[in-house]
Amino acid sequence: MRLIINSGGPSAIDAWREQFRAFAPDLDVVGWHEDIDPATVDYALVWAPDAGRLATFTHLKLIISAGAGVDHILADPHLPRHLSIARMVTARTRTEMAEFVLTSALMLTRDIKRVVDNQARRHWELFDSLRVAADMRVGIMGLGHLGVAAAQLLTRVGFPVTGWSRGASTLEGLPSYAGQEQFGEFLAGTDLLVCLLPATDATKGILNTATLSQLPRGASLINAGRGSHMVTQDVIDALDSGQLHQAVLDVFEQEPLPEDSPLWTHPGIIITPHCAAIPNRKERARHTALLIEANERGEALPNIYDPQRGY
Ligand code: NDP
Ligand code: OXD
């Protein structure tokens with residue numbers, strides 16, 4: 001059985017092989033850049049595959065996304081559409097995202113950006129805006145694996161949390177809103193908006209002026225979904241006008257974020273380099289090995305991309 005990997009670049013392949021030796025010792029693991037017969041590939045573990053390459057693997061059985069999102073795979077115009085795509089959602093992905101959102105929410109609650117900026121200029125300032133978690137109503141867009149994990153952790157810490165999803169959610173202890181009809185009501189009660197949506201046609205550009213202007217003035221934003229959710233200039237305008245107080249941005253339309261992007265130096269923005277939830281190689285190898293075994297046994301696989309829903 002052969003697995004080809006496009007994740008981490010050519011230098012990562014030895015580390016991948018080492019991990020797979022523990023979880024699938026009989027699997028033949030090859031790197032994306034190795035010269036192999038394309039007809040010998042059974043499985044592909046990929047992040048942003050070169051357009052057209054997956055289509056050359058004529059005996060491919062399953063595409064495994066190296067991440068929870070699949071937009072980087074769907075971008076391939078020659079993608080073999082008859083194949084299933086498994087999303088990489090592991091226990092570790094959920095924990096990492098929940099902790100990223102919690103860390104960001106606490107930084108925003110305590111205005112840590114202002115404190116760090118003050119330190120850079122050796123400025124001692126006591127400011128009068130101390131808030132605690134209970135003062136910050138968090139609204140999470142996207143109540144999937146990651147949104148729910150974040151909601152549960154934030155609730156335990158004392159943040160009042162609500163959620164918004166496409167269909168109605170019935171999660172106990174989590175007041176939630178559904179669809180366009182309830183979007184305005186959801187936004188009106190949100191002091192900290194967290195975007196954990198998948199990238200689809202319907203969610204593209206959803207973080208725009210129309211959305212942000214429905215939040216209470218001075219609200220904050222965390223975007224750890226995708227850069228395509230954000231109309232960048234609208235977010236900057238909202239920050240400049242005071243409609244938004246601060247934003248933690250982990251994902252961007254162009255990554256790495258170009259050096260000349262105005263986002264880098266905006267006083268209201270904390271930038272993180274798309275690192276909210278990146279399970280380590282061990283976790284991803286373990287999960288991939290389980291998927292391959294289950295697929296070989298003919299079992300239904302978890303978290304398969306649904307082309308009808310678009311996520
Ligand atoms: P899921 O597929 O489990 O959940 C998606 C959620 O979004 C569901 O609640 C769904 O609603 C909701 N949703 C989808 N479309 C709409 C819409 N048009 N309007 C309202 N709600 C909508 O996804 P995950 O939680 O596993 O992952 C979410 C995303 O997080 C990934 O697609 C990826 O882009 C991003 N991500 C970012 C990472 C990072 O490091 N920054 C790491 C991992 C993922 P419903 O419940 O009704 O189906
Ligand atoms: C993912 C990501 O989709 O890292 O997993 O963004």
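Which residues of helix α8 (residues 232-241) are buried? Keep that in mind as you open this predicted model, and start the tour at the helix itself.

**First stop: helix α8.** Select residues 232-241 and colour D234, V235, I236, A238 and L239: these are the buried residues of α8. If you look down the helix axis, recall that an α-helix has 3.6 residues a turn, so residues three or four places apart point the same way.

Now add the neighbours. Show α7 (209-212) and the strands β10 (219-223), β11 (244-249) and β12 (269-271), and you will have the elements that the buried residues of α8 pack against. Before leaving, step just past the end of α8 to G242, where phi is positive, at about 90°.

**Second stop: ligand 1.** Centre the view on ligand 1 and display the 29 residues around it; L143, H145, G167, D250 and Y311 come nearest. Coloured by type, this shell shows 15 nonpolar, nine polar and five charged residues.

Next, pick out three contacts to oxygen atoms of the ligand. Begin with Y311, which has a polar side-chain atom 2.5 Å from a ligand oxygen. Go on to R87, whose side chain places a polar atom 3.1 Å from an oxygen of ligand 1. Finish with G225: here a backbone N or O atom lies 3.4 Å from a ligand oxygen.

Switch on a surface to see how the ligand is enclosed: of the 940 Å² of accessible area that ligand 1 has on its own, the protein covers 90%. Finally, highlight α5 (145-157) and β7 (161-165), the elements that contribute two or more residues to the shell around ligand 1.

Key
Residues are numbered from 1 along each chain as its sequence is written. Chains are lettered from A and ligands numbered from 1 in the order in which they are written. This is a predicted model: local features need pLDDT of at least 70, side-chain atom pairs count only at pLDDT 80 or more; totals for chains, interfaces and linings use all residues. Side-chain values use heavy atoms; hydrogens and water are left out. A residue is near a molecule or strand if one of its heavy atoms lies within 4 Å of it. A polar contact is a pair of N or O atoms within 3.5 Å; within protein, one must be able to donate a hydrogen and the other to accept it, and residues adjacent in sequence count only if both atoms are side-chain atoms. Accessible areas come from the Shrake-Rupley method with a 1.4 Å probe; for residues, only the protein chains shown count as cover. Helices (H or I, at least four residues) and strands (E, at least two) are DSSP runs, numbered from the N terminus. Ala, Val, Leu, Ile, Met, Phe, Trp, Tyr, Cys and Pro count as nonpolar, Asp, Glu, Lys and Arg as charged, and the others, Gly among them, as polar. Buried means under 20% relative accessible area, exposed over 50%, partly exposed in between (1.4 Å probe, protein chains only). Contact means heavy atoms within 4.5 Å.
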